[in-house]
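This report describes one protein model with its ligand. The sequence and the structure come first, and the text then goes through the parts in turn.

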Amino acid sequence: MDFEYQYSPEQEKFRQEVRTWLDQNVPQGTASSVDPEEMTAELFAFAREMRRKLGRKGWLNPTFPKAYGGGGLTSEHEVILDEELERRRVPILFSNPFLSAALLVWGTEEQRQKFLTGLLTGEIIAYQAFTEPQSGSDLANIKCTAVHDGDDWIINGVKCFVTGPGPDRADILFGPIMTDPTSPRHRNLGYFIIPGKAAGVKLVPMRLLNGNQQHFVYFDNVRVSAEYLIGGERQGWQVTMTSLEEEHGGRGRPMSPNAASDLITYVRRSKHNGGALGQDPFTQQQVVDSYIESHIAGLLAVRNYSMFAQRQEMSYHGSQTAIVGRETGIRNNTRARDIVGLYGQLGTHEPGAPFGGWLEVRYGRSLPPHAGGTLEVQKTIVARRIGISRTQERAAPTPATATKFTA
Ligand SMILES: Cc1cc2nc3c(=O)[nH]c(=O)nc-3n(C[C@H](O)[C@H](O)[C@H](O)COP(=O)(O)OP(=O)(O)OC[C@H]3O[C@@H](n4cnc5c(N)ncnc54)[C@H](O)[C@@H]3O)c2cc1C
């Protein structure tokens, strides 16, 4: 690769510290399961605890402010941590990360202390509840309602596609809810945090092509107090945009391992017509395309990470990266299946499945590429931001551009 990080002696010392800590805290042979839904109860408990342990050290959110449970570290530290956690495939339980940005930009000091600290230290597991049956791409078309009852709000309605590790694991849900049906679109929503165990909240798994980690969420007269509303009672759309700016790729990724590396290993090792499979001309073309495109997608994510860390104003960059990353994922999964053939359809439990069934899991999960907004929506955003659309828009405020916090 032409572009690589160079590390100072101090940073290499930090890497050593991370490795030593991981040696002490991650037993040999403990690694993320190929299919996240096939975690044993033991692995699940380990991944839950690992989230807390990393959080306590400030390594779960290394560049966030120490005052709220972040690590107060530099982006170089974050790159090293990401590299080492990825290298060991350390199991860490999923929690949706996009509420943190909303809290930093829009939350009061009390709300940051109450919610952000728990999120950054790994104590709170959060699920994002934006989508509703009629409001996916047309996200502003929210029908869930929040009605005043004294100082409290009473919430009713249904959300869908809400992702998380099971129906009973959500500590909090968050998302836009209609607060004022008489106000125009984009000025009629509030952005709420809702405790996952509150009376009247029910999560039911959806059964989808890409797995069972998406849920319907039913709100039946759920009562929350005023401190659970982030931003003003008609500012929910703006707060939602701050979360989406990150979800669309605006925060980037500190590092990006080449997604084609497993395929390269496979074609090196597999035999075909008396030689290595990689020597077959068709295979070579496919693998090289995968290799190049994986690099492009990875470098765009790293570019965004660098822009975010330097607090640069961003525009089309996040959605551009999302489009390239997802389209690359679909093409590369298809190429890998063309090369591996019917064996690529073997699942994680089938003996002899290439990559331990990884290909089948990845293929299912890359389709449909809707999570966080469809490709068409991402392209509409890019069009607006490069000035070729009927309407034009700027990026929403993010912790990089809108806040003055220092780590
Ligand atoms: C794996 C997965 C995880 C998800 N996780 C979450 C989550 O954690 N929380 C959450 O809130 N949501 C989540 N979602 C929901 C996701 O955000 C929506 O699926 C997405 O926004 C699309 O909405 P929709 O499914 O209703 O499709 P629709 O909006 O009905 O779109 C259907 C098709 O029509 C196209 N289309 C719609 N409008 C236009 C237009 N104006 N121009 C061109 N084409 C258009 C779309 O691109 C798409 O191809 C997840 C979805 C998936 C698949």
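## Domains and their contacts

Between domain 1 and domain 3, 13 residues of the former are in contact with 14 residues of the latter. The model is a predicted one. The protein is divided into domain 1 (9-93), domain 2 (126-236) and domain 3 (251-402). Taken over C-alpha atoms, the centres of domain 1 and domain 3 are separated by 23 Å.

## Nonpolar cores

The largest nonpolar core has 51 residues, and of these L173 and F219 touch the most other members. This core lies between domain 1 (9-93) and domain 2 (126-236), because both of them give residues to it. A second, separate core has 14 residues, including F14, V18, L54 and I80.

What surrounds L173? Leaving aside neighbours within four places in sequence, L173 is in contact with Y127, A129, V162, F192, I193, I194, G196, V201, L203, V217 and F219.

## Helix α5

Helix α5 covers residues 109-120, and its residues Q111, R112, F115, L116, G118, L119 and L120 are buried. The buried residues of this helix pack against two helices, α2 (41-57) and α4 (98-106), and against the strands β1 (126-128), β4 (172-178), β5 (189-195) and β8 (229-230). After α5 comes G122, which has a positive phi, near 85°.

## Residues with positive phi

Two residues that are not glycines also have a positive phi. One of them is F161, with a phi of about 60°. F161 is found in strand β3. At 43% relative accessibility, F161 falls between the limits of 20% and 50%, so F161 counts as partly exposed. The other is F355, with a phi of about 55°. F355 has its place in the loop between α9 and α10.

## The ligand

Which residues are closest to the ligand? Of the 16 residues that surround the ligand, the closest are T131, S137, F161, T163 and E376. F161, described above for its positive phi, is thus named again here. The table gives three polar contacts of the ligand.

| Residue | Ligand atom | Distance |
|---|---|---|
| T131 (side chain) | nitrogen | 2.7 Å |
| T163 (side chain) | nitrogen | 2.7 Å |
| T374 (side chain) | oxygen | 2.7 Å |

Taken alone, the ligand exposes 980 Å², and the protein buries 66% of that. The size of an interface is often given as the accessible area lost when the parts come together.

## Single residues

Some further residues can be located one by one.

D151 lies in the loop between β2 (145-149) and β3 (152-163). Is D151 buried or exposed? The relative accessible area of D151 is 65%, over the limit of 50%, so D151 is exposed. Leaving aside neighbours within four places in sequence, D151 is in contact with S225 and A226. L99 is 52 residues away from D151 along the chain, and the C-alpha atoms of these two residues are separated by 23 Å.

N221 lies in strand β7, which covers residues 214-224. Not counting residues up to four places away in sequence, N221 touches I154, I155, N156 and A199. The C-alpha atoms of N221 and S8 are separated by 56 Å, and these residues are 213 residues apart along the chain.

S319 is found in helix α9 (residues 317-340). The relative accessibility of S319 is 4%, under the limit of 20%, so S319 counts as buried. Which residues does S319 touch, not counting residues up to four places away in sequence? They are H248, Q378, I381 and V382.

G364 is found in helix α10 (residues 358-366). With a relative accessible area of 16%, G364 is under the limit of 20% and is therefore buried. Not counting residues up to four places away in sequence, G364 touches L209 and N210. G29 is 335 residues away from G364 along the chain, and their C-alpha atoms are separated by 26 Å.

Key. Residues numbered from 1 in each chain as written. Predicted model: local features only at pLDDT ≥ 70, side-chain atom pairs only at ≥ 80, totals over all residues. Heavy atoms only, no water. Helix = DSSP H or I, 4+ residues; strand = E, 2+ residues; numbered from the N terminus. Buried < 20%, exposed > 50% of the residue type's maximum accessible area, 1.4 Å probe, protein only. Contact = heavy atoms within 4.5 Å. Core = buried A, V, L, I, M, F, W, Y, C linked by side-chain atoms within 4.5 Å. Domains from an automatic or database assignment. Near = heavy atom within 4 Å. Polar contact = N/O pair within 3.5 Å; in protein donor to acceptor, adjacent residues only side chain to side chain. Areas by Shrake-Rupley, 256 points an atom, 1.4 Å probe, with all protein chains shown as cover.
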